[in-house]
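Me: I am new to this structure and would like a careful, close look at one part of it, followed by enough of the surroundings to place that part in the whole.

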Amino acid sequence: MFRIRTIFMRNRPAPEEMTVDPTVNLPIPVHFRCPISLDLMKDPVTISTGITYDRQSIETWLDAGNRTCPVTKQELKSLEQIPNHTILRMIQNWCVANHSLGVERIPTPRIPATQAEVSKILMEIGKASREGDLIRCGKLVKKMNVLGRESDRNRRCIVAIGTASGVLSAAFESFAAASEDNYVEGMEEILSMLAWMFPLDEEARSHLLSHASLHWMVWLLNCGNLAGRRNAALVVKDLASSSEQRVLDSLTEIEGLIEALFKVLKEPICPVTTKASLMAVFYFVSSPSSSSKTASRFIEIGLVPLLLEMLVGSDKSVCEKALGVLDGIFGWEEGREKAYNHALTVPVLVKKILRVSDLATEFTISALWKLCGNYRGEDGGILVESLQVGAFQKVLVVLQVGCSEKTKEKATGLLKLLNANKMRGECIDSMDFKQLKRPF
C-alpha cells in the first residue's frame, strides 16, 4: 500500500485565497484541493509517491507523457492510481456540513473500467453475436455503452482495445441481418460507440458495408432518434472517406442513401449531422472514383440550389464544406447547368472570396473557374455577371495576397476569361445577403 502524504506545491495561493464560490467566503481546506488544479477534488486518487490528486488532473498529466510526480518530481515506479476513500469521505462530510452555504455534496465516483473488464465484455458480445443470441448481445452492448458514457477515461479504455470497432460492427451486422425493429436500440447504441473510434479499421468497415448494415443505416438516417441520425451520418462519412471505388459503389448502390443525406441537409437537425452529411456528399462527388450516376442523382434532387441557399448566413465550417461540394458538382456538366440558371450562384460565390477562410476561397476560385471556363453562351452570361459583382478585383487580390500553386493557376485562368469580357460588364457593388433567409 502506498504511503499517503499531504504535500502542497510551493508558491501556490494561500488556502484562504481559494474558495468554492467567489461570492461565499468559504476557503477550501488545503488537503481537499488537487495540487495540480487547486480545485476541490471530486475523485481523489493516490499515486506511487504517496501524493493524492484528483483523478482527472493526474490522468491528464500522465497522458501528456509525464512520468514523474508533479509535487515531489520523483520518478513514478507505477502508473497505478489507488482511490483515496478516506479523503473522499472527508470531502463529502465537509460538503454536507457547508451545504447551507451553497456547497453541493461530491457524489461517490464510479470505479473506472479496466482493460480486462472491457475485453471480457467484448468477447461476450462477439460470442453472442456469432451464436445468434441477439437479446443477450443487445444487453452487453448497452452495458458497454453505459461504461463509455460514464467518463472519457472509460472511452479511451474501450478504444484502446484494438478489436472493439470490429466486434461492435459485427454485432451491428447481426442485428441488421435479423431485420427486426426490436434491435434498433442496439444498433443505435453501437453507432454511438463507433463514433468514438474513427477512423474505423478494415474489419469494421467490411461489416458495415454489408447490404443489411447499409439498409439499416439508411433507415436510421431517415427514422432514427436525433442521436441515431447523427451517428449514422458520422459513420457514413467515415466509410465514404476511404474514396475507394468499391466502397463508394457499395454506399451509393443502397436504395435511399442519397435521398437520406439530402433530407438531412434540407431539414437540419444539428450542426454535427449537417457537417458530416456534407463531407459524405463531398466524398461522393469529388473523389477520383466518383461516378457520373451518383453526381447526377444528387443534382437531380436539387443539391445545387440547396447548397447555394445554405451558403447564405452559414458558419465558417458549413461554408467550407458546402463550397467544396459545389466545386465537386461543377465538375459535371449537369451541375454547371443548374448553377447557370440559379440567380444566387455568382453573387454568393463572389461574396465568399476572402470572406470565410483560405480553404473557402480556394474552393470558390475553383468553382468559378469551372463555371466560367465551360460557359458556351455568346452573350457572356456568367462572365459578365461575375464582372458586375466585382469578381475581377477580388480574384486579383487573391493572387496578390498569395495562394497555393493550384489555386494561382485557376485564378490566373479565371482573370484571363474575365478580362476578355471586361468591355461587356461594368463593375458594381456586390449585393449584401445578410438579411436573406433560407427557405427551410
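What is the relative accessibility of Leu354? After that, please turn to helix 10 and tell me which of its residues are buried.

Reply: Please keep in mind throughout that this is a predicted model. Leu354 has a relative accessibility of 41%, and so it counts as partly exposed. Leu354 lies in the loop that runs between helix 18 (345-352) and helix 19 (358-373), and its phi is near 65°, a positive value in a residue other than glycine. Lys73 also has a positive phi, of about 65°, although it is not a glycine. Lys73 belongs to the loop between helix 1 and strand 3 (82-83), and because its relative accessibility is 56%, it counts as exposed.

Now to helix 10. This helix takes in residues 226-240, and because each of its 15 residues should add 1.5 Å, a span of 21 Å is expected, which agrees with the 21 Å that separate its end C-alpha atoms. Where the helix starts, a side-chain oxygen of Asn225 comes to within 3.2 Å of the backbone nitrogen of Ala227.

Helix 10 is mostly covered, with 11 of its 15 residues buried. The buried residues are Gly228, Arg229, Asn231, Ala232, Ala233, Leu234, Val235, Val236, Asp238, Leu239 and Ala240. An α-helix has 3.6 residues a turn, so residues three or four places apart point the same way. For helix 10, the elements that cover its buried residues include helix 7 (184-194), helix 8 (202-208) and helix 9 (211-223), as well as helix 11 (245-252), helix 12 (257-266) and helix 13 (271-286).

Helix 9, one of those covering elements, can be read in the same manner. Its 13 residues, at 1.5 Å each, should span 18 Å, and the distance of 18 Å between its end C-alpha atoms agrees with this. Within helix 9 the buried residues are Ser213, Leu214, Trp216, Met217, Val218, Leu220 and Leu221. The cover over these residues includes helix 10 in turn, together with helix 6 (164-178), helix 7, helix 8, helix 11 and helix 12. Cys223 falls at the end of the range 211-223 given for helix 9. The structure holds 0 disulfides, and Cys223 is accordingly in none, since the nearest cysteine sulfur, that of Cys270, is 17 Å away. With a relative accessibility of 48%, Cys223 counts as partly exposed. For Cys403, the closest cysteine sulfur is in Cys372, at 16 Å, which is too far for a bond; Cys403 is partly exposed too, with a relative accessible area of 24%.

Helix 7 and helix 8 also deserve a look. The loop between helix 7 and helix 8 holds Pro199, and a cis peptide bond, with omega about -5°, joins Phe198 to this proline. Asn145, which sits in helix 4 (residues 134-150), has a side chain joined to that of Glu189 by a polar contact of 2.4 Å. Neighbours within four places in sequence aside, Asn145 is in contact with Glu189, Ser192, Met193 and Trp196. Asn145 counts as buried because its relative accessibility is 3%.

Arg55, in helix 1 (residues 55-63), is likewise buried, with a relative accessible area of 9%. Beyond four places in sequence, the residues in contact with Arg55 are Asp43, Val45, Gln81, Pro83, Pro112 and Arg153. Between the C-alpha atoms of Arg55 and Asp379, which are 324 residues apart in sequence, the distance in space is 70 Å. Glu409, in helix 22 (residues 405-419), is exposed, with a relative accessible area of 62%, and its C-alpha atom is separated by 64 Å from that of His31.

Finally, the chain as a whole. Its secondary structure comes to 22 helices and 3 strands. The C-alpha trace spans about 85 × 60 × 40 Å along its principal axes, and the radius of gyration is 28 Å, where a compact globule of 440 residues would have one near 22 Å. Half of the chain is hidden, in that 50% of its 440 residues are buried. Of the contacts with a separation of 6 or more, 68% are made by residues 24 or more positions apart. The chain exposes about 21800 Å², and carbon and sulfur atoms supply 52% of that area.

Key:
Residues numbered from 1 in each chain as written. Predicted model: local features only at pLDDT ≥ 70, side-chain atom pairs only at ≥ 80, totals over all residues. Heavy atoms only, no water. Helix = DSSP H or I, 4+ residues; strand = E, 2+ residues; numbered from the N terminus. Buried < 20%, exposed > 50% of the residue type's maximum accessible area, 1.4 Å probe, protein only. Expected span 1.5 Å × (residues − 1). Contact = heavy atoms within 4.5 Å. Polar contact = N/O pair within 3.5 Å; in protein donor to acceptor, adjacent residues only side chain to side chain. Rg over C-alpha atoms; globule rule 2.2 N^0.38 Å. Areas by Shrake-Rupley, 256 points an atom, 1.4 Å probe, with all protein chains shown as cover. Disulfide = S-S within 2.5 Å.
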